[in-house]
Amino acid sequence: MNNFMTLGQFIIEKQAEFPYAKGELSRLLRDIGIAAKIVNREVNKAGLMDILGSSGTTNIQGEHQQKLDVYANEQFIAALRSGGECCIVASEENDEIIRIESAVSGNAKYIVAIDPLDGSSNIDVNVPVGTIFSIFRRKSAEGPARLSDVLQRGTDQVAAGYIIYGSSTMLVYTTGCGVNGFTLDPSIGEFCLSHPGMKMPESGVIYSINEGNYIHFPLGVKQYIKYCQVEDAATKRPYTSRYIGSMVADLHRNLIKGGIFIYPNTAAAPNGKLRLLYECNPLAFVIEQAGGRATDGANRILDLEVNELHQRTPVFIGSALMVSEAEKFMAAAGENVFAQSVI
Ligand code: P6P
């Protein structure tokens with residue numbers, strides 16, 4: 001008798017909690033789990049196969065696509081297409097939405113927004129990377145699903161999560177009833193429940209930000225970084241700086257240990273770098289469900305209007321007390337104040 005619960009068993013058992021417990025969302029999560037196992041197999045062989053390095057193409061973001069970016073994108077789209085529950089995929093790797101024709105004429109109700117392989121520039125140096133996914137129900141009642149079905153607020157997500165391909169491969173997701181983590185057991189090829197009911201520490205001592213961009217940060221962010229570095233035993237400062245350059249890996253560590261991740265705007269990038277639809281919204285859903293907080297420095301990420309497919313947003317996400325502290329510095333400094341230096 002095995003004493004573990006697989007992702008499939010968990011989904012079926014929890015299905016009653018899903019707002020639309022007819023099995024479609026369960027099957028959709030199963031499809032994502034299948035693609036994750038296939039991508040994991042290739043990520044783990046990177047270096048042994050001709051699958052490292054750039055594909056020689058660029059995506060709409062103007063970013064060089066890694067071979068594994070393209071491969072992961074193809075695998076998730078294929079799994080969603082064959083699963084039959086998804087009618088549109090919005091991917092970081094594709095300029096436009098992808099209509100799943102077989103589903104559009106059918107009765108597929110779900111939209112999936114995905115970053116198939118986030119942080120993939122780290123693949124060649126064996127740093128953990130991740131997949132981030134966000135699931136909506138289509139809003140339009142009939143006819144082919146359309147862009148307006150995709151451009152929904154984060155609060156409208158019915159499920160969201162990520163896969164981290166690291167020292168072990170984990171799938172972490174929420175359907176709005178808490179957060180659960182599953183670790184892939186390669187010996188049986190199943191994701192098994194390893195982190196039930198994940199809760200983010202209310203505070204922490206880790207701050208994650210690319211300090212190489214310090215001179216370009218808003219004044220409030222500069223002042224918060226200096227606050228993190230001040231010696232103060234009562235508040236366990238100075239904090240520890242940890243930044244991997246792979247958002248899923250940084251967020252996963254902070255979810256377990258406590259901490260704050262910040263990718264702010266700059267004068268040159270007024271909306272920051274990270275994408276709202278398939279990076280910040282799904283991760284904000286997970287982090288909030290685990291008891292954390294996610295804003296753009298002032299406004300709740302999940303409440304932000306989504307007007308464009310590849311819309312970017314500044315993001316402050318992590319332990320609730322740390323994010324609130326950072327927001328105080330942002331409010332006191334005023335919006336979009338880019339003082340040249342802060343000692
Ligand atoms: P920078 C990876 O490209 C990514 O989208 C996130 O995973 C990561 O947190 C961030 O960008 C790193 O960006 O500008 O610090 O290299």
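**Exercise 1.** Does Tyr224 count as buried or exposed, and at what relative accessibility?

*Solution.* Take the cut-offs first: buried is under 20% relative accessible area, exposed is over 50%, and partly exposed lies in between (1.4 Å probe, protein chains only). Tyr224 has 2% relative accessibility, so Tyr224 counts as buried.

*Ground rules.* The model is predicted: local features need pLDDT of at least 70, side-chain atom pairs count only at pLDDT 80 or more, and totals for chains, interfaces and linings use all residues. Residues are numbered from 1 along each chain as its sequence is written, and side-chain values use heavy atoms, with hydrogens and water left out.

**Exercise 2.** Classify the aromatic pair of Tyr224 and Phe329, and place it in the chain.

*Solution.*
1. Rings of Phe, Tyr and Trp (its six-membered ring) pair if their centres lie within 6.5 Å; planes under 30 degrees apart are stacked, over 60 edge-to-face, the rest tilted.
2. The structure holds 8 aromatic pairs.
3. One of them joins Phe10 and Phe182: the centres are 5.0 Å apart and the planes stand at 70°, so this pair is edge-to-face.
4. Phe10 is in helix H1 (residues 7–14) and Phe182 in strand E9 (residues 179–185), 172 residues apart. Helices (H or I, at least four residues) and strands (E, at least two) are DSSP runs, numbered from the N terminus.
5. Tyr224 and Phe329 are also edge-to-face, with 5.8 Å between centres and 65° between planes.
6. Tyr224 lies in helix H6 and Phe329 in helix H9 (residues 320–333), so the pair ties together parts 105 residues apart in sequence.
7. Tyr224, Tyr227, Tyr239 and Phe329 form one aromatic cluster.

**Exercise 3.** Describe the surroundings of Arg237.

*Solution.*
1. Locate Arg237: the loop between helix H6 (219–229) and strand E12 (240–241).
2. Check exposure: Arg237 is buried, at a relative accessible area of 11%.
3. List polar contacts (N or O atom pairs within 3.5 Å; within protein, one must be able to donate a hydrogen and the other to accept it, and residues adjacent in sequence count only if both atoms are side-chain atoms). The Arg237 side chain reaches the backbone oxygen of Tyr227 at 2.9 Å. The side chain of Thr235 is a polar contact at 2.7 Å.
4. Look at the Tyr227 ring: the charged end of Arg237 sits over it, 3.8 Å from its centre. The test is NZ of Lys or CZ of Arg within 6 Å of the ring centre and within 35 degrees of the ring normal.

Conventions:
Contact = heavy atoms within 4.5 Å. Lists of a residue's contacts leave out its neighbours within four places in sequence.
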